[in-house]
Amino acid sequence: MINTMYERFAHEYAIHAEDSAYNALYDRPAVLGLAGDVAGLSVFDAACGPGLYAAELLDRGARVTGCDASPTFVEMTSARTEGRADVRVHDLSRPLTWVRDGSCDLVVLALALHYIDDRVALLSELRRILAPRGALVISTEHPTMSWLRLGGSYFTQEPVEESLNPDRDWPIRAWRRPLTSICAEFRAAGFVIEELLEPRPVPEMADRYPEDHASLEALPAFIAFRLIPAAPR
Ligand SMILES: C[S@@+](CC[C@H](N)C(=O)[O-])C[C@H]1O[C@@H](n2cnc3c(N)ncnc32)[C@H](O)[C@@H]1O
């Protein structure tokens, strides 16, 4: 059965993500910075959401394919990109049978890895579709942030049901886990970390969202990685 977690609040989320402090001025600049120059690259946008990444990647000269579990988000991505991105409804818990081995120069998986139960299986599948010199750029909740919000032991590893946004009823189920586990999953799937980034808010946030800016200057909400395939031994 397809995971339709975001369907209930897809339209509200799309409006929020377009210009929010955490998405527009924090996550996207960090992930796109790690992606580097994408002109001419074949990019797979895994969990594309409302298409904000897909549109930006196309504008920067990439060819974009992608997927999301939410049919509403896939429709939004097609509309936002005027059909220039080949996006499909697909649950990332399942193999990407429609994507050829080694066919992507870059995979972007922004703010979605924590929703997947078998993350090593997904990461291995993303490794399969990557070209040998390709890269996978991931952002996810910073484990310190999860620990401060949820309490208990920092080392707890479990799925948590809560609202994505404390001010709204946006129910989600996401994994909390320590940094050691996140990195061990990368290694188990055949990746090494080329770069780890604890993003800082872009300067514009100080004027537009001063409270978020102060909070994100004190504590990272997300953590981002650029991963590359490990060399064969
Ligand atoms: C926080 S949103 C991020 C969307 C987009 N990457 C962005 O940053 O704008 C998380 C996305 O993950 C998708 N998602 C969650 N679980 C999924 C799954 N099992 N397979 C595919 N997509 C999934 C949701 O539908 C949603 O679009």
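**Strand partners and ligand shell**

Q: Which residue in strand 5 is the bridge partner of leucine 109?
A: This is a predicted model, in which local features need pLDDT of at least 70, side-chain atom pairs count only at pLDDT 80 or more, and totals for chains, interfaces and linings use all residues. Residues are numbered from 1 along each chain as its sequence is written, while side-chain values use heavy atoms, with hydrogens and water left out. Strand 4 (residues 104–110) and strand 5 (residues 130–141) run parallel and are joined by six bridges, strands being DSSP runs of E of at least two residues, numbered from the N terminus. In strand 5, leucine 109 has as its bridge partner isoleucine 138.

Q: Which are the edge strands of the open sheet of seven strands?
A: The strand order is 3-2-1-4-5-9-8, with mixed pairing, where a pair requires at least two DSSP bridges. Two strands pair on one side only, and these edge strands are strand 3 (86–89) and strand 8 (191–197).

Q: Which atom of the ligand lies 2.8 Å from a polar side-chain atom of aspartate 91?
A: Of the 21 residues around the ligand (a heavy atom within 4 Å), those coming nearest include Ala47, Asp91 and Ala110. Backbone N or O atoms of alanine 47 and alanine 110 lie 2.7 Å and 2.9 Å, respectively, from a nitrogen atom of the ligand. For aspartate 91, the polar side-chain atom lies 2.8 Å from a ligand atom that is likewise a nitrogen atom.

Q: How much of the ligand's exposed area does the protein bury?
A: Taken alone, the ligand exposes 590 Å², an accessible area from the Shrake-Rupley method with a 1.4 Å probe. Of that area, the protein buries 98%.

Notes
A polar contact is a pair of N or O atoms within 3.5 Å; within protein, one must be able to donate a hydrogen and the other to accept it, and residues adjacent in sequence count only if both atoms are side-chain atoms. Helices (H or I, at least four residues) and strands (E, at least two) are DSSP runs, numbered from the N terminus.
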